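Work through the exercises below with the sequence and the coordinates at hand. Each task is followed by a solution in steps.

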Amino acid sequence: MDELYAFLFAGLGIMLLLMVFFGGGISYTTDPSAEYENETFPDNLEWKTIELGTVSLREQNGEKTEIIEKEFAVHRGLLAGNSGYAKRFEIDEFVLENMDKTTLSFEVKDTNNYGSLSMILNDETLMDENAIRGKYNFELNSSEENIIEFETSSSGWKIWAPSVYVISNLSLRTEYSFREFPEYDFFISKYIYSNQYKTELVFDFMGADREFNITFNNKTIYSDVPLSRVTKIDLNDVKEGPNEIRFSSEGEATLENVVIRVYYYR
């Protein structure tokens with residue numbers, strides 16, 4: 001029985017060494033070279049398969065709502081003096097670059113309507129009127145750094161009370177759209193690189209409304225729409241160590257069962 005365990009552990013150790021030596025991820029059950037009808041492969045080939053799964057290229061939509069201030073009040077009067085409101089807020093650079101719409105909203109929670117309410121964004125007056133209670137929305141031309149200000153005019157001859165506005169739920173809503181281009185890194189060991197036969201990208205083309213691009217190690221290797229369902233593209237400039245492949249498009253495209261296959265000599 002001790003002898004059986006010794007053989008078992010020795011076998012496991014050899015398998016572990018082989019995985020480390022060859023870089024891992026090697027398939028031995030189904031030979032992918034059988035897919036090729038017009039190409040003869042050497043008998044002493046092994047292969048490594050790197051699965052990327054589904055690659056989806058399409059425009060993504062995002063939205064973000066931020067409460068700038070929950071509640072505040074502004075007032076102005078001959079005897080009460082002047083109390084305004086100012087707040088600085090920022091918009092993320094990524095959101096700003098991909099902006100579709102920016103909306104500032106607030107609610108006039110209470111007012112005596114003794115004066116007008118002014119709202120100023122980045123020194124531009126967006127509102128100056130006697131505002132009744134209710135909700136207000138303004139579409140903005142915003143920048144990365146912004147200053148929003150509220151103030152009210154004087155109550156004038158009503159010297160017994162200042163003009164007052166109570167503002168609640170001052171909020172900023174941003175709507176944006178962007179394209180996220182999938183990027184993948186994979187590693188080629190020194191042994192596989194030195195004994196490489198060829199490397200290829202294989203995928204099932206599911207559809208595209210315009211051409212898409214594939215960039216491999218910062219070089220565009222494909223810019224088209226496939227004519228067949230199963231598509232194979234040679235990756236000629238494989239490097240020892242890390243490699244990067246990137247997919248991009250101005251339209252929409254879907255690729256499934258995306259794999260990278262590395263053939264090398266035993």
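Buried means under 20% relative accessible area, exposed over 50%, and partly exposed in between. The model used here is predicted.

**Exercise 1. Salt bridges of strand β2**

Task: Find the salt-bridge partner of glutamate 71 and state whether glutamate 71 is buried, exposed or partly exposed.

Solution.
1. Glutamate 71 forms a salt bridge with lysine 109, and the closest N and O atoms are 2.9 Å apart.
2. Glutamate 71 belongs to strand β2 and lysine 109 to strand β5 (residues 99-111), so many places lie between them that the pair links distant parts of the chain, 38 residues apart.
3. The relative accessibility of glutamate 71 is 44%, so this residue counts as partly exposed.
4. Lysine 109, with a relative accessible area of 47%, is partly exposed.

Task: Which residue pairs with glutamate 69 in a salt bridge, and in which strand does the partner lie?

Solution.
1. The side chain of glutamate 69 meets that of lysine 87 in a salt bridge of 3.5 Å, N to O.
2. Lysine 87 lies in strand β4 (residues 85-90) and glutamate 69 in strand β2; the two are 18 residues apart.
3. Glutamate 69 has 25% relative accessibility and therefore counts as partly exposed.
4. Lysine 87, at 29%, counts as partly exposed.

Task: Describe the salt bridge between glutamate 63 and arginine 173 and the network around the pair.

Solution.
1. The N to O distance in this salt bridge is 3.0 Å.
2. Because glutamate 63 lies in strand β2 and arginine 173 in strand β10, the pair ties together parts that are 110 residues apart in sequence.
3. Glutamate 63 has a relative accessible area of 54% and is therefore exposed, whereas arginine 173 counts as partly exposed at 30%.
4. Glu63 and Arg173 are linked with Glu175 in a network of salt bridges.
5. The count of salt bridges in the model comes to 10.

**Exercise 2. Two serines of strand β10**

Task: Determine whether serine 163 is buried or exposed, and list its contacts.

Solution.
1. Serine 163 is placed in strand β10.
2. Its relative accessibility is 0%, so serine 163 counts as buried.
3. Neighbours within four places in sequence aside, serine 163 is in contact with Val74, His75, Arg76, Asn112, Tyr114, Gly115, Thr152, Ser153, Ser154 and Ser155.
4. With threonine 152, the side chain of serine 163 makes a polar contact of 2.7 Å.
5. Tyrosine 114 is 49 residues from serine 163 in sequence, with a C-alpha to C-alpha distance of 4.7 Å.

Task: Which side chain makes a polar contact with that of serine 177?

Solution.
1. Serine 177 is placed in strand β10, residues 163-179.
2. At 13% relative accessibility, serine 177 falls under the 20% limit and so counts as buried.
3. A polar contact of 3.0 Å joins its side chain to that of aspartate 100.
4. Residues up to four places away in sequence not counted, serine 177 touches Glu59, Gln60, Asn61, Asn98 and Asp100.

**Exercise 3. The largest nonpolar core**

Task: Which members of the largest nonpolar core touch the most other members, and which element gives the most residues?

Solution.
1. The core has 27 residues, and Leu201, Ile245 and Phe247 touch the most other members.
2. Elements that each supply at least two residues include β1 (45-57), β11 (183-188), α3 (190-194) and β16 (241-248).
3. β17 gives the most, with 6 residues.
4. A second, separate core of 26 residues includes Leu104, Phe106, Leu140 and Leu170.
5. Outside four places in sequence, the contacts of isoleucine 245 include Leu52, Leu201, Ile214, Phe216 and Ile260.

**Exercise 4. Strand pairing**

Task: In which sense do β12 and β17 pair, and over how many bridges?

Solution.
1. β12 and β17 pair in the antiparallel sense over 10 bridges.
2. Aspartate 204 stands opposite glutamate 256 in β17.
3. β12 is also joined to strand β15 (residues 230-234) by 5 bridges, and these strands run antiparallel.
4. The bridge partner of glutamate 200 is aspartate 234 in β15.

Task: Describe the hairpin of β13 and β14.

Solution.
1. β13 and β14 (residues 219-224) run antiparallel and are joined by 5 bridges.
2. Phenylalanine 216 has lysine 219 in β14 as its bridge partner.
3. The hairpin has 2 residues between the strands, and asparagine 217 takes a positive phi near 50°.

Key
Residues numbered from 1 in each chain as written. Predicted model: local features only at pLDDT ≥ 70, side-chain atom pairs only at ≥ 80, totals over all residues. Heavy atoms only, no water. Core = buried A, V, L, I, M, F, W, Y, C linked by side-chain atoms within 4.5 Å. Buried < 20%, exposed > 50% of the residue type's maximum accessible area, 1.4 Å probe, protein only. Helix = DSSP H or I, 4+ residues; strand = E, 2+ residues; numbered from the N terminus. Contact = heavy atoms within 4.5 Å. Pairing = 2+ DSSP bridges. Polar contact = N/O pair within 3.5 Å; in protein donor to acceptor, adjacent residues only side chain to side chain. Salt bridge = Lys/Arg side-chain N within 4 Å of Asp/Glu carboxyl O.
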